[in-house]
Amino acid sequence: MKKCFLSPLFAPLFFLLSWGAILAVVLLFFPEKKFEITTDGQIIDIATYTGYVLMLGTMLYCLKDFKGKIFDWSLYFMLGVAALLREAGIQHHLTKTDTTPFKSRFFFNPNNALSEKILYGAVLLVIFGAILYFFIKYGKHLFISFFKLNTLTWSVATFCSLLVFAKFADRFPAHYRHYKNLDDLPTSFVDIWSLLEESSEIFLPLLVVIAFMQYHLLKNKSENKAK
């Protein structure tokens, strides 16, 4: 079982098979409820929050594996908390005069307070700075080790690919409506893209859990060999 879990194919297969099963169940047995289950407080929303709680708990459990890398672990945990808060919609409650402080229009809107622009601009700089730090530190290694079938690299690649897809699925209906110059889109079209986005996002924190536990097991394996 451990050998299977530490395979480079575990994360992508886990995601594809699990996501496919969810979509199959919803579309085959509950097609009329595909919009309802993606709304706040429904089963997909609950599953996603459960995943984020499990993710943060796993990060804390693996803290001892980051001796000498506590700065990296702190950034991981910070990004994890930020992702959870974003999923909870905190960005919609931070500013008095706009819908969210984390879009470019917020900073160019003269009606928004300068103090808010400075504060939330600093928050964005910290988050993007952390991402840039990891890209510079690990980007080359991830690229090279991907072709060597490195387990952690494939898990990270699966996570990043899913993140890009989820963002695409989130924005596609609006961009499509704008591109086609339509006043509105068919409800079924919006519902299916909402289902694709929300159901796939369940797996973002779970893939982080997988990556951290793989790192934990691989590190223990390496230390046991060294003894």
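**Exercise 1. Cysteines**

The sulfur of cysteine 4 lies 19 Å from the closest cysteine sulfur, in cysteine 62, too far for a bond. Task: find how many disulfides the whole structure holds, and where cysteine 4 and cysteine 62 stand, buried or exposed.

Solution. The model is predicted: local features need pLDDT of at least 70, side-chain atom pairs count only at pLDDT 80 or more, and totals for chains, interfaces and linings use all residues. Residues are numbered from 1 along each chain as its sequence is written, and side-chain values use heavy atoms, with hydrogens and water left out.

Step 1. Fix the criterion. A disulfide is a pair of cysteine sulfur atoms within 2.5 Å.

Step 2. Check cysteine 62. Its closest cysteine sulfur is in cysteine 160, at 18 Å, so a bond is ruled out by distance.

Step 3. Search the whole structure. The result is zero disulfides.

Step 4. Set the exposure classes. Buried means under 20% relative accessible area, exposed over 50%, and partly exposed in between (1.4 Å probe, protein chains only).

Step 5. Classify. Cysteine 4 has 47% relative accessibility, so it counts as partly exposed. Cysteine 62 has 0%, so it counts as buried.

**Exercise 2. The chain as a whole**

Task: describe the secondary structure, the span and the burial of the protein chain.

Solution. Step 1. Count the elements. Helices (H or I, at least four residues) and strands (E, at least two) are DSSP runs, numbered from the N terminus. The chain has nine helices and zero strands. Its pattern along the sequence is α-α-α-α-α-α-α-α-α.

Step 2. Take the span. Along its principal axes, the C-alpha trace covers about 65 × 50 × 30 Å.

Step 3. Take the burial. Of the 227 residues, 35% count as buried.

Step 4. Look at the contacts, meaning heavy atoms within 4.5 Å. Among those between residues at least 6 apart in sequence, 67% join residues at least 24 apart.

**Exercise 3. The largest nonpolar core**

Task: say which helices supply the largest nonpolar core, and place isoleucine 22 and leucine 162 by their contacts.

Solution. Step 1. Define the set. A nonpolar core joins buried Ala, Val, Leu, Ile, Met, Phe, Trp, Tyr and Cys residues through side-chain atoms within 4.5 Å.

Step 2. Size it. The largest core has 20 residues; Trp19, Leu162, Leu195, Phe203 and Ile210 have the most contacts inside it.

Step 3. Assign helices. H2 (10–29), H7 (151–180), H8 (187–201) and H9 (203–226) each give at least two residues. H2 gives the largest share, six residues.

Step 4. Inspect leucine 162. Beyond four places in sequence, leucine 162 is in contact with Phe15, Ser200, Phe203, Leu204 and Leu207.

Step 5. Note the other core. Apart from the largest one lies a core of eleven residues, among them Tyr52, Met55, Phe66 and Trp73.

Step 6. Inspect isoleucine 22. This residue is in helix H2. Its relative accessibility is 27%, so it counts as partly exposed. Beyond four places in sequence, isoleucine 22 touches Ser199, Ile202 and Phe203.

**Exercise 4. Three buried residues**

Task: locate phenylalanine 134, lysine 117 and glutamine 91, and list what each one touches beyond four places in sequence.

Solution. Step 1. Phenylalanine 134 lies in helix H6 (residues 114–146). It is buried, at 11% relative accessible area. It touches Asp72, Leu75, Tyr76, Leu79 and Gly139.

Step 2. Lysine 117 also lies in H6. At 17% relative accessibility, lysine 117 counts as buried. Its contacts are Phe106, Phe107, Asn109, Pro110 and Asn112.

Step 3. Glutamine 91 is in the loop between helix H4 (70–87) and helix H5 (104–108). At 10% relative accessibility, glutamine 91 counts as buried. It touches Leu85, Arg86, Thr99, Thr100, Pro101 and Phe102.

**Exercise 5. A pocket lining**

Task: say which helix supplies the largest share of the lining of the second largest pocket, and sort that lining by class.

Solution. Step 1. Define the pocket. On a 1 Å grid over the protein atoms alone, a pocket is an open set of points where a 1.4 Å probe fits, with protein on both sides within 12 Å along at least five of seven lines; lining residues have an atom within 4 Å of a point.

Step 2. List part of the lining. It includes Phe35, Asp170, Arg177, Trp193 and Glu197.

Step 3. Assign helices. H7 and H8 each supply at least two lining residues. The largest share, five residues, comes from H7.

Step 4. Sort by class. Ala, Val, Leu, Ile, Met, Phe, Trp, Tyr, Cys and Pro count as nonpolar, Asp, Glu, Lys and Arg as charged, and the others, Gly among them, as polar. The lining has seven nonpolar, one polar and three charged residues.
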